[in-house]
Amino acid sequence: MHYLLLPFLSFFVGIIVGLTGIGGASLITPMLIFIFQVPPSVAVSSDVVAATLMKIVGSVKHWEQKTLDTEIVKWLAFGSVPGSLFGVGILHFIKLTGEYNLDRILLRLLGVMILLVTLLALVQLLLLTFFPKQTKQNP
């Protein structure tokens with residue numbers, strides 16, 4: 001692995017995450033897998049740890065700037081925390097059975113999710129472009 005290239009590319013991913021708010025996992029995980037040849041299970045787990053550290057810094061900054069809506073955070077956590085634990089449980093079960101290659105499953109799931117998110121972003125862009133009045137939210 002090119003250890004000098006990894007922090008350099010991660011720096012630019014961090015800038016993109018900071019500017020756009022796009023999830024770093026959609027950028028870092030594929031980078032680790034395809035550029036650095038890291039197994040998908042290691043790439044996903046490494047990305048989760050790095051994302052946690054970035055989210056802590058981002059949370060503190062948003063708290064200081066008073067741009068944090070704790071009610072939304074609460075409702076997001078009610079869904080995402082149990083969902084994350086359930087997902088990890090499914091992967092643990094798959095690993096215990098030993099019938100399937102966990103890295104192969106993760107690579108396919110990552111591909112499907114990146115494709116799905118890209119398609120949904122394209123649909124959103126098209127709706128906002130061609131139907132701006134129908135997609136405008138009421139205050």
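This report walks through the fold, the core, the nonpolar surface and the loops of one protein model.

## Overall fold

Keep in mind from the start that this is a predicted model. The protein has six helices and zero strands, and along the sequence its pattern reads α-α-α-α-α-α. Measuring out the C-alpha trace along its principal axes gives a span of about 50 × 35 × 30 Å.

Of the 139 residues, 14% count as buried. The protein exposes about 11200 Å², and carbon and sulfur atoms supply 73% of that area. As for contacts between residues at least 6 apart in sequence, 43% of them join residues at least 24 apart.

## Helix 2 and the core

Helix 2 (25-35) is a good place to begin looking inside. Its buried residues are I28, T29, P30, M31, L32 and I33. Which elements do the buried residues of helix 2 pack against? They pack against helix 1, helix 3 (40-65) and helix 5 (102-130).

The largest nonpolar core has ten residues: L6, V13, V17, I28, M31, L32, I33, F36, V38 and A43. Helix 1 and helix 2 are the elements that give two or more residues to this core, and helix 2 provides the largest share, with four. As general background, nonpolar side chains in soluble globular proteins tend to be buried together. M31 is worth a closer look: leaving aside neighbours within four places in sequence, M31 is in contact with L6, L9, S10, V13 and F36.

## A nonpolar patch on the surface

Turn now to the outside of the model. L5, F8, F11, F12, I15, L19, F34, I35 and L107 form a nonpolar patch on the surface, and together they have about 910 Å² of accessible area. Helix 1 (5-20) and helix 2 each supply at least two residues of the patch. Helix 1 gives the largest share, six residues.

Helix 2 therefore has two sides to its story, with buried residues including M31 and L32, and with F34 also lying in this helix. Is F34 buried or exposed? F34 counts as exposed because its relative accessibility is 56%, above the 50% cut-off for that class.

## Aromatic pairs in helix 1

How many aromatic pairs are there? The count comes to three. One of them joins F8 and F12 in an edge-to-face arrangement, with 5.0 Å centre to centre and 80° between the planes. F8 and F12 are separated by about one helical turn, because they are four residues apart in helix 1. In general, an α-helix has 3.6 residues a turn, so residues three or four places apart point the same way.

F8 counts as partly exposed, at 48% relative accessibility, and F12 is also in the partly exposed class, at 39%. F11 and F12 make another edge-to-face pair, with 5.6 Å centre to centre and 80° between the planes. F11 itself is exposed, with a relative accessible area of 52%. Through these ring pairs, F8, F11 and F12 are linked into a cluster.

## Loops and backbone details

Two loop residues stand out for their backbone angles. Q37 comes just after helix 2, in the loop between helix 2 and helix 3. Q37 has a positive phi of about 55° although it is not a glycine. Q37 counts as exposed because its relative accessible area is 62%.

K66 sits in the loop between helix 3 and helix 4 (70-97). K66 is not a glycine, yet it has a positive phi of about 60°. With a relative accessible area of 74%, K66 is exposed.

## Along helix 3

V48 is found in helix 3. At 48% relative accessibility, V48 counts as partly exposed. How far apart are the C-alpha atoms of V48 and T67? They are separated by 24 Å, and the two residues lie 19 apart along the chain.

Methods
Residues are numbered from 1 along each chain as its sequence is written. This is a predicted model: local features need pLDDT of at least 70, side-chain atom pairs count only at pLDDT 80 or more; totals for chains, interfaces and linings use all residues. Side-chain values use heavy atoms; hydrogens and water are left out. Patches are made of residues with over 30% relative accessible area and no salt bridge: like charges are joined within 9 Å, nonpolar side chains (Val, Leu, Ile, Met, Phe, Trp, Tyr) within 5 Å. Accessible areas come from the Shrake-Rupley method with a 1.4 Å probe; for residues, only the protein chains shown count as cover. A salt bridge is a side-chain nitrogen of Lys or Arg within 4 Å of a carboxyl oxygen of Asp or Glu. Buried means under 20% relative accessible area, exposed over 50%, partly exposed in between (1.4 Å probe, protein chains only). Rings of Phe, Tyr and Trp (its six-membered ring) pair if their centres lie within 6.5 Å; planes under 30 degrees apart count as stacked, over 60 as edge-to-face and the rest as tilted. Contact means heavy atoms within 4.5 Å. A nonpolar core is a set of buried Ala, Val, Leu, Ile, Met, Phe, Trp, Tyr and Cys residues joined through side-chain atoms within 4.5 Å.
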